[in-house]
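The following exercises concern a structure with more than one chain. Work through each task before reading its solution.

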There are 2 protein chains.
Amino acid sequence: MRDRAPRNSGSTLKMRDIARHAGVSPMTVSRALRQPSAVSEEMRRKVDAAVREFGYLPNRIAGSLSSNRTNVVGLIVPSIRNSLYASMIQAASDGLRANGLHLMIADSGHRLEDEEALVAAFLAQRVCGLILHNTVHSKRVRKLVEASGVPVIETGNLPDDPLDMAVSYSNFEAARAMTLHLARLGYRRIGFVTLPVRDNDRSEERRRGYFAALAELGRPADESLVLEADGGFSEGADALVRLMNAHPDLDAGFFAGEVLAVGALFECQRRGWPVPGRIAIASFDDVDLLRHAVPSVTTLRIPRQEIGKRSAELLVGRLQGAPADRIRLDLGFEIVQRESS
Amino acid sequence: MRDRAPRNSGSTLKMRDIARHAGVSPMTVSRALRQPSAVSEEMRRKVDAAVREFGYLPNRIAGSLSSNRTNVVGLIVPSIRNSLYASMIQAASDGLRANGLHLMIADSGHRLEDEEALVAAFLAQRVCGLILHNTVHSKRVRKLVEASGVPVIETGNLPDDPLDMAVSYSNFEAARAMTLHLARLGYRRIGFVTLPVRDNDRSEERRRGYFAALAELGRPADESLVLEADGGFSEGADALVRLMNAHPDLDAGFFAGEVLAVGALFECQRRGWPVPGRIAIASFDDVDLLRHAVPSVTTLRIPRQEIGKRSAELLVGRLQGAPADRIRLDLGFEIVQRESS
DNA sequence: CGCTTTTCTGGTATCGCTACCAGCCTATAA
DNA sequence: TTATAGGCTGGTAGCGATACCAGAAAAGCG
């Protein structure tokens with residue numbers, strides 16, 4: 001059985017080929033590429049020359065298997081299409097890339113069972129870290145994550161019982177603060193439109209925050225002031241109209257999603273309802289659109305970018321040996337008062 | 001040297017452990033997991049039971065090394081933050097995931113040298129396919145891609161000389177068509193605002209299309225009607241104002257980017273310029289925002305989602321053995337006439 | 001019933017790299 | 001000079017799976 005044909009007849013070069021051409025051992029090539037300081041100037045030169053000459057690309061699959069380390073982080077968001085996550089992803093991507101890490105991205109479509117399948121798939125790929133937007137997980141996810149020992153960051157909310165590290169803000173506090181803010185501005189009857197609450201801890205928390213604020217204000221909790229809407233412009237417009245019809249005295253609408261808010265704003269423009277004259281509008285998340293809309297829209301600034309950046313930093317820290325402490329980082333939020341309220 | 005300590009003392013289970021517990025050979029476990037039809041009912045049952053009992057996750061790194069195949073596709077877009085790419089990415093992600101493939105995403109920041117580094121890094125990770133938005137590449141990228149033999153899809157434009165497969169639309173034709181459309185509607189003096197052209201083949205093509213249309217119309221090519229602007233709302237607003245100041249008779253603005261267009265639209269609202277009474281506005285790409293804005297904005301519908309879907313399909317096809325034909329798939333575009341023009 | 005074919009299972013040898021140890025050679029100390 | 005320590009380099013043995021072949025068992029066939 002000595003002379004069987006090689007399994008991979010491909011022409012891609014291997015480390016040993018480079019080693020032969022450079023006149024050194026494979027180990028020296030490996031070292032020259034990964035920690036140049038560990039080899040002599042001369043070796044480094046020879047290796048570099050051979051690598052460049054043949055356009056050698058080390059096989060990181062083999063490297064990962066051997067070293068039991070990969071340089072890939074898995075990221076799962078509810079929806080890739082939703083641009084809300086884009087700035088977080090961008091910041092995380094930048095921070096990770098600066099440290100030689102890459103990002104594998106997938107979306108769970110707000111389905112816990114999909115998140116579970118993805119976590120399993122990512123762990124099978126032996127990712128060196130995970131970033132999950134969702135903070136409600138299936139039992140199996142918790143088990144898998146724990147068993148793997150891979151560092152995990154949750155970013156969408158501040159969970160009571162984090163898997164590992166959480167870098168986020170409080171959806172509850174944010175919604176509460178905005179509701180109180182609107183009340184402080186003098187609005188008497190504040191409607192609340194949120195994304196579907198089922199399987200979505202963020203929506204649920206925001207809803208709770210809204211009601212908590214009303215309670216503090218001594219106002220009755222009126223379920224008919226709250227609507228769930230899928231996140232589209234039409235849904236926002238529609239929700240506004242339905243609220244106004246049901247409550248002619250509505251003087252402010254708090255939309256927990258910028259698309260909903262802008263959809264409502266456009267509807268006001270169409271109907272000639274002055275904003276905030278007839279109704280004030282407040283939104284969630286500070287996207288450019290809200291700043292530039294006419295009128296500009298009062299909103300909550302969530303530090304999405306900072307969340308991505310800090311997530312990357314914490315992950316990198318762990319990979320470089322930081323102690324595995326449970327961390328719960330609250331990056332806060334900020335009310336941005338603008339023309340629409 | 002027989003009794004050296006094992007390198008990886010970790011507790012994660014290996015295939016041989018599952019095999020032992022199931023009372024079968026590792027090969028049978030491997031087969032039961034990858035092609036269940038190749039093993040008997042009984043074996044499958046035993047393996048499945050052991051896998052479930054211990055929560056075994058196969059190590060895909062090892063599998064990839066051994067089989068010389070990975071299930072990861074690399075995707076490089078100019079900017080992750082830009083929501084424009086989101087629907088393409090989403091569609092590609094869905095199509096790939098349905099076939100067991102995952103997506104590694106990075107952004108080049110419109111820099112060719114970054115694209116090059118990323119392509120190299122992805123190939124080092126031995127991705128089984130690449131999707132590149134950019135269609136202008138460094139020489140080394142072409143060489144790397146060719147040497148790797150990995151299937152590649154370019155999606156941002158229809159290149160004259162595709163690396164491998166191209167799934168896109170013609171930026172040139174799209175810009176040309178919109179310019180002609182505006183002329184047909186009776187607009188006499190059409191300004192054009194585009195993203196920076198440097199290192200951006202899409203912008204360059206759009207610009208060419210605009211001028212080609214003017215030439216067909218027998219109108220002079222006036223460079224002062226063309227502005228380059230970075231893609232923000234303010235930049236769009238600013239570009240509009242500058243164009244209007246320079247050309248008081250400007251009656252239409254074609255913005256090659258939806259954020260620019262909406263920024264301009266907002267500026268009109270602020271200044272009380274009726275759209276299209278004082279000036280018509282046309283955009284590029286059919287995002288929801290344009291349909292719902294007041295007035296709704298005339299634009300070009302680019303089949304971003306379809307591009308992502310077809311890209312995934314072609315890639316999957318190749319991986320399943322389709323012949324390596326050069327493909328150049330033009331998915332076209334569509335003019336969406338709305339209130340703003 | 002013996003023989004061929006098919007179906008299924010298991011052993012062995014990698015996949016391409018890195019961890020770990022051994023050994024060499026030079027430098028510094030005693 | 002000999003001992004001791006470092007700095008570098010190379011050999012060897014995996015990492016945890018899969019490809020490939022061999023062989024046993026079951027099935028088909030005349």
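**Exercise 1. Determine whether the two copies meet through the same surface or through different ones.**

Solution. Take contact to mean heavy atoms within 4.5 Å. Of the interface residues of chain B, 100% are also interface residues in chain A, so the copies meet through the same surface. The model is a predicted one, in which local features need pLDDT of at least 70 and side-chain atom pairs count only at pLDDT 80 or more, whereas totals for chains, interfaces and linings use all residues. Residues are numbered from 1 along each chain as its sequence is written, chains are lettered from A and ligands numbered from 1 in the order in which they are written, and side-chain values use heavy atoms, with hydrogens and water left out.

**Exercise 2. Find the operation that lays chain B on chain A.**

Solution. Superpose the copies by least squares on the C-alpha atoms of residues with pLDDT of at least 70 in both. A turn of 180 degrees with a shift of 0.0 Å along the axis lays chain B on chain A, with an RMSD of 0.0 Å. The two copies are thus related as by a two-fold rotation axis. In chain B, the C-alpha nearest this axis belongs to B:M104, at 2.1 Å from it.

**Exercise 3. Quantify the interface between chain B and chain A.**

Solution. First, count the residues: 52 of chain B are in contact with 53 of chain A. Next, take the buried area, that is, the accessible area (1.4 Å probe) that two parts lose on being put together, summed over both. Chain B and chain A bury about 5000 Å² between them, with 58% of it on carbon and sulfur atoms. On the side of chain B, the residues that lose the most area to chain A are B:L57, B:I61 and B:R81, together 14% of what that side buries.

**Exercise 4. Count the salt bridges between chain B and chain A, and locate one of them.**

Solution. Side chains of opposite charge can pair when their charged atoms come close. The criterion is a side-chain nitrogen of Lys or Arg within 4 Å of a carboxyl oxygen of Asp or Glu. Between chain B and chain A the count is two. A:R97 and B:D107 form a salt bridge through their side chains, at 3.4 Å from N to O. Over all chains, a search of the whole structure finds 54 salt bridges.
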